[in-house]
Each structure stands twice: as structure tokens, then as C-alpha cells.
Amino acid sequence: MNADSPTASSLDGQIALVTGATRGIGRAIALGLAQAGAHVIACGRTQGALEALDDEIRGLGVASATLVPLDLADGDGVDRLGGVIHERWGRLDVLISAAGLLGATTPVAHLDPKVWDQVMAVNLTANYRLIRSMDPLLRCADAGRAVFLTSGAATSPRAFWGPYAASKAGLNALAAVYADEIEHTPVRVAVVNPGPMRTRMRAQAFPGEDPMTLPEPAEIVPLILELLDRERAPAPGVVSFPQWTSARTA
Ligand SMILES: NC(=O)c1ccc[n+]([C@@H]2O[C@H](COP(=O)([O-])OP(=O)(O)OC[C@H]3O[C@@H](n4cnc5c(N)ncnc54)[C@H](OP(=O)(O)O)[C@@H]3O)[C@@H](O)[C@H]2O)c1
């Protein structure tokens, strides 16, 4: 992607919170937003990976980052983050919710309750807490945008993916409810299914798969930039990256 590409958009001066920014899709989006000029508030638990991202963003020479080591299962921590963003910037232009985990792939009847709770905490409850804490800040922006990363498993559940599929189905419903609630504000919501991507989560889910057959996370950045366009509302429902790609190349 470069500044002249048809899908590039300038996010100069925008404040963008990205969860899951330490690796995979969230990291690629964080870099893409920084490249488009946004100040990225990068969130994840792995301090070293946040620092490596910060180095890479500084290296771009166009934007900066604020690093937030945070376990998203800590709802009070999410509230504190909202308070800090309010104090420092008074608004949030972009929320990208990319953090997620697969959890154990095992029959529901055999599932450890701790795994269920952990997956629900990060994939579903954290999104409720993010909406709760960030909605007032998104409303303070000219055209706040919230993008949630879902999965095809939400609507096509498969055996052994119980907590992941249920949490993503819950996320789809939660995001749709939120989108309906803020219809009369300038805030807009997008839900994106990235499809299979070359990340640690995918490798955990399909260990026998050749990762080189999968798209790199950076390939989703033009779609995300398109969804952040202030001039047009994102399409309702779930936006499928594979379908978006096919439509562009058809
Ligand atoms: N890759 C795919 O093929 C695919 C397909 C469909 C949907 N998705 C969705 O796309 C999103 C990104 O997935 P990915 O493949 O990029 O996954 P990934 O490479 O495993 O990265 C997951 C990210 O989530 C963060 N995270 C996990 N637990 C967390 C917690 N408790 N608190 C804070 N951050 C946490 C991780 O950061 P730390 O470990 O540093 O905290 C990491 O940055 C997910 O929502 C996933 O469900 C991915």
C-alpha cells in the first residue's frame, strides 16, 4: 500500500486505539493506521512486542504510538484506559478491536470452565467493556469509527470450536446492537471477518496447514482504511475480507 493507492486514506491527527496490536492482524492494522498518519494507542499484554511495534512505527517517520500493556480481561483496566484517553485527547477517532483467542479446540462436554471463561472474557466481554468505555470518546470525534474482528465460525460453527464460535456469535450480535443504538450519531460500526490469515492463531487452529498459502495480515489494511473513510458509512452486517478481495480482483 502507498499513499497513492485508491484505498489509502489520510488519518492525519486521528487517535486510534488498536487491541491485539502485539502480533498478527491487529499489529498489521496498527502499522497501517500509523502509516496513514494516525496516532496509535497500541494495546496488548506482551511488552516486548509493543516496544518492537513502537520502533517500527517511529521508523515510518509519519506518526507515533502510545503503548498500553493491558490484559483485556481486566474490565477496570479498560475503564482506566478510557479515562486516560479522555484526559489526553478528549476523543477517540478509531477503535479497532482485534484481540482474540481461540482457546482449546475440544468437545464442549469436555471443555475446562477456565478456558470457556477466558475466551468469553477476551472475545466477548472485553468488547462490551470497550464499547462501554470508548463510546463517549467516539461520540466526541467528528466521525468515530469502531471496527470489530469476528470470524466465520460465528455463523458456521464447527465441532470443537465451542467457546470461540459462541464468543464470536455473541460479538456479532453485540456489535449489531451497538450499531443500531448509535445510528443517529456520527459514530459508525463495522464488523470484519478476515477469513484465514497467516497468524499464530490460525497456525494453532490448523497446525498442518502451510502458512505460505494464506494471505499476510497486512493485506487487510486497505479494507480497514476503506471502512474508516469518514465520507461514507461502512456496509451493515459482516464484511468478509475474502469476498471484498474477490470483488476487487473480479
Ligand atoms: N488469523 C485468522 O485466520 C483469523 C480468522 C478469523 C478471525 N480472526 C480474528 O482476527 C483477530 C486477530 O487474530 P490473529 O489471527 O491476528 O490472532 P493472534 O496472532 O493470535 O493475535 C491475537 C492478539 O490478541 C491479543 N490478546 C490475546 N489475549 C489477550 C488478552 N487477554 N488481553 C489483551 N490482548 C490479548 C494478543 O496479544 P498479547 O498476547 O500480547 O496479549 C495478540 O496481539 C481475532 O479476533 C481473531 O479471532 C483471525
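## Walking through the helix packing

The crossing of H1 and H2 is right-handed, and that's a handy place to enter this model, which is a predicted one. Two packed helices are described by the angle between their axes and the distance between the axes. For H1 and H2 (residues 47–60), the angle is about 25 degrees and the axes sit 10 Å apart. Angles under 35 degrees count as roughly parallel, so H1 runs roughly parallel to H2. On the H1 side, the contact is built from Arg-27, Ala-30, Leu-31, Ala-34 and Gln-35, while H2 supplies Leu-53, Glu-56, Ile-57 and Leu-60. Sort the residues of this H1–H2 contact by class and you get 6 nonpolar, 1 polar and 2 charged.

H1 also brings us to the ligand. Helix H1 (24–35) and helix H6 (200–205) are the elements that give two or more residues to the shell around it. That shell holds 27 residues in total, and the closest ones are Gly-24, Arg-45, Thr-46, Gly-100 and Thr-199. As for its make-up, the shell around the ligand comprises 13 nonpolar, 9 polar and 5 charged residues.

Keep Gly-100 in mind and move over to H4. Val-122 is located in helix H4, and its contacts beyond four places in sequence are Leu-72, Ala-73, Ala-99, Gly-100 and Leu-101. So here's a link back: Gly-100 is one of the residues closest to the ligand, and Val-122 touches Gly-100. Is Val-122 buried or exposed? It has 20 C-beta neighbours inside 10 Å, so Val-122 counts as buried. Its C-alpha atom is separated by 9.2 Å from that of Asp-74, though the two residues are 48 apart along the chain.

H4 has helix partners of its own, and H3 is one of them. Helix H3 (residues 75–89) and helix H4 (residues 113–140) have axes that come within 9 Å and cross at roughly 20 degrees. That angle makes H3 roughly parallel to H4, and the crossing is right-handed. From H3, the contact takes Gly-75, Val-78, Asp-79, Leu-81, Gly-82, Ile-85 and His-86; from H4, it takes Ala-126, Arg-129, Leu-130, Ser-133, Met-134 and Leu-137. In class terms, the H3–H4 contact consists of 7 nonpolar, 4 polar and 2 charged residues.

Now for H5. The axes of H4 and H5 also come within 9 Å, with a crossing angle of roughly 10 degrees; H4 and H5 are therefore roughly parallel to each other. The H4 side of the contact is Val-115, Trp-116, Val-119, Met-120, Asn-123, Leu-124, Asn-127, Tyr-128 and Ile-131, and the H5 side is Pro-163, Tyr-164, Ser-167, Lys-168, Gly-170, Leu-171, Leu-174 and Tyr-178. Here the split is 12 nonpolar, 4 polar and 1 charged.

Let's zoom in on one residue of that contact. Leu-174 is part of helix H5 (residues 162–181). Which residues does Leu-174 contact once its neighbours within four places in sequence are left aside? They are Asn-127 and Tyr-128. The C-alpha atom of Leu-174 is separated by 9.5 Å from that of Ile-131, with their positions 43 residues apart along the chain. Leu-174 counts as partly exposed because it has 17 C-beta neighbours inside 10 Å. Ala-173, also in helix H5, is exposed, with 12 other C-beta atoms within 10 Å. To get a sense of the span, the C-alpha atoms of Ala-173 and Leu-53 are separated by 32 Å, and Leu-53 is one of the H2 residues in the contact with H1.

Leading into H5 is a loop worth a look. Phe-160 lies in the loop between strand S5 (145–149) and H5. Most residues other than glycine have a negative phi. Phe-160, however, has a positive phi, near 80 degrees. With 15 C-beta neighbours inside 10 Å, Phe-160 counts as partly exposed.

Last stop: back on H4, where you'll find Arg-139. Its contacts, leaving aside neighbours within four places in sequence, are Gly-144, Thr-185 and Val-187. Arg-139 and Leu-92 are 8.0 Å apart in space, C-alpha to C-alpha, and 47 residues apart in sequence. A count of 14 C-beta neighbours inside 10 Å makes Arg-139 partly exposed.

Conventions. Residues numbered from 1 in each chain as written. Predicted model: local features only at pLDDT ≥ 70, side-chain atom pairs only at ≥ 80, totals over all residues. Axes fitted to C-alpha atoms, helices over the stretch in contact; angles between N-to-C directions. Helix = DSSP H or I, 4+ residues; strand = E, 2+ residues; numbered from the N terminus. Parallel < 35°, antiparallel > 145°, perpendicular 65-115°, else oblique. Left-handed = near helix turned anticlockwise from the far one by under 90°. Contact = placed C-beta atoms within 7 Å. Nonpolar A, V, L, I, M, F, W, Y, C, P; charged D, E, K, R; others polar. Near = placed C-beta within 6 Å.
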